[in-house]
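Take a moment to look over the sequence and the fold. Then follow one path through them, a step at a time.

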Amino acid sequence: MKIPILRLDRVLLVSIQADLSDNDAMEFQSDLVTRVAEVEALGVAIDITALDVVDSYMARVINDTASMVRLLGAEVVICGVQPFVALTLVEMGRDLLGADCTFNLGEGLALLRQRIAKRGDVRFTEDEDV
């Protein structure tokens, strides 16, 4: 299953709408990291609102992906962690440490915009009064 990666200026948006197999998760990770490098993305929002379950493997993939994206120089935010997912991850001793989390995509994009502006990169915010 190919996960679409949308581009909004130099921010990439990814919405995972269904559970991923291990191979799909690795393909998602590779595709996203490659795309970040290709477009020199300033930020990435990963929306997992549609996921009712995030197992330990998927949590690790998300954490590793966030770390890889940050190493490339982009900010990362995870959007829409469902309460049951949060509960399960904490009970399993897992956490999404590689990125900040927000309730929804709108808050995620606002957080990315703040982070990008704070680090002095105005390319994403130049049309805004930040």
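**A walk through the fold**

D100 has a relative accessible area of 29%, so this residue counts as partly exposed. Keep in mind that the model is predicted. What does the side chain of D100 meet? It meets the side chain of R115 in a salt bridge, with N and O 2.3 Å apart. D100 sits in strand β5, while R115 sits in helix α4 (residues 105–118), so the pair ties together parts that are 15 residues apart in sequence. R115 is partly exposed too, because its relative accessible area is 27%.

Stay with strand β5, which covers residues 100–102. T102 belongs to this strand. Is T102 buried or exposed? Its relative accessibility is 12%, so T102 counts as buried. A polar atom of its side chain lies 3.3 Å from the backbone nitrogen of G108.

Now back to charges. Side chains of opposite charge can pair when their charged atoms come close. How many salt bridges does a search of the whole structure find? The search finds four. One of them joins D100 and R115. Another joins E27 and K2, whose closest N and O atoms are 3.6 Å apart. This pair links distant parts of the chain: E27 is in helix α1, and K2 is in the segment before β1 (5–8). The two residues are 25 apart.

K2 also forms a salt bridge with D31, at 2.9 Å from N to O. Again the partners come from distant parts of the chain, 29 residues apart: K2 from the segment before β1, D31 from helix α1. How open are these three residues? K2 counts as exposed because its relative accessibility is 57%. E27 has 32%, so it counts as partly exposed. D31 is partly exposed as well, because its value is 22%. Salt bridges with shared partners join K2, E27 and D31 into one network.

Next, turn to the strands. Strand β3 spans residues 43–47. How many of its five residues are buried? Five of the five are, and the strand is mostly covered. Its residues point two ways: G43, A45 and D47 to one side, V44 and I46 to the other. Residues on both sides are buried.

Which strands pair with β3? One is β2 (residues 11–15), which runs parallel to β3 over five bridges. Here S15 stands opposite D47. Another is β4 (residues 75–79), also parallel to β3 over five bridges. On that side, V44 has V76 as its bridge partner.

How does the chain get from strand to strand? Between β2 and β3 comes helix α1 (residues 22–39), and the three make a right-handed β-α-β unit. Helix α2 (residues 56–71) plays a part in another such unit: β3, α2 and β4 are also right-handed. Helix α1 brings back familiar residues, since E27 lies in it and D31 does too.

Finish at the surface. Which residues form a nonpolar patch there? They are V53, F84 and L87, with about 300 Å² of accessible area together. L87 lies in helix α3, residues 83–91. Its relative accessible area is 46%, so L87 is partly exposed. Residues enter a patch only with over 30% relative accessible area, so L87 clears that cut-off. Compare this with β3, where five of five residues are buried.

How values were computed: Residues numbered from 1 in each chain as written. Predicted model: local features only at pLDDT ≥ 70, side-chain atom pairs only at ≥ 80, totals over all residues. Heavy atoms only, no water. Patch = residues over 30% accessible without salt bridge, like charges linked within 9 Å, V, L, I, M, F, W, Y side chains within 5 Å. Areas by Shrake-Rupley, 256 points an atom, 1.4 Å probe, with all protein chains shown as cover. Helix = DSSP H or I, 4+ residues; strand = E, 2+ residues; numbered from the N terminus. Buried < 20%, exposed > 50% of the residue type's maximum accessible area, 1.4 Å probe, protein only. Pairing = 2+ DSSP bridges. Right-handed = clockwise from strand over helix to strand, strands pointing away. Polar contact = N/O pair within 3.5 Å; in protein donor to acceptor, adjacent residues only side chain to side chain.
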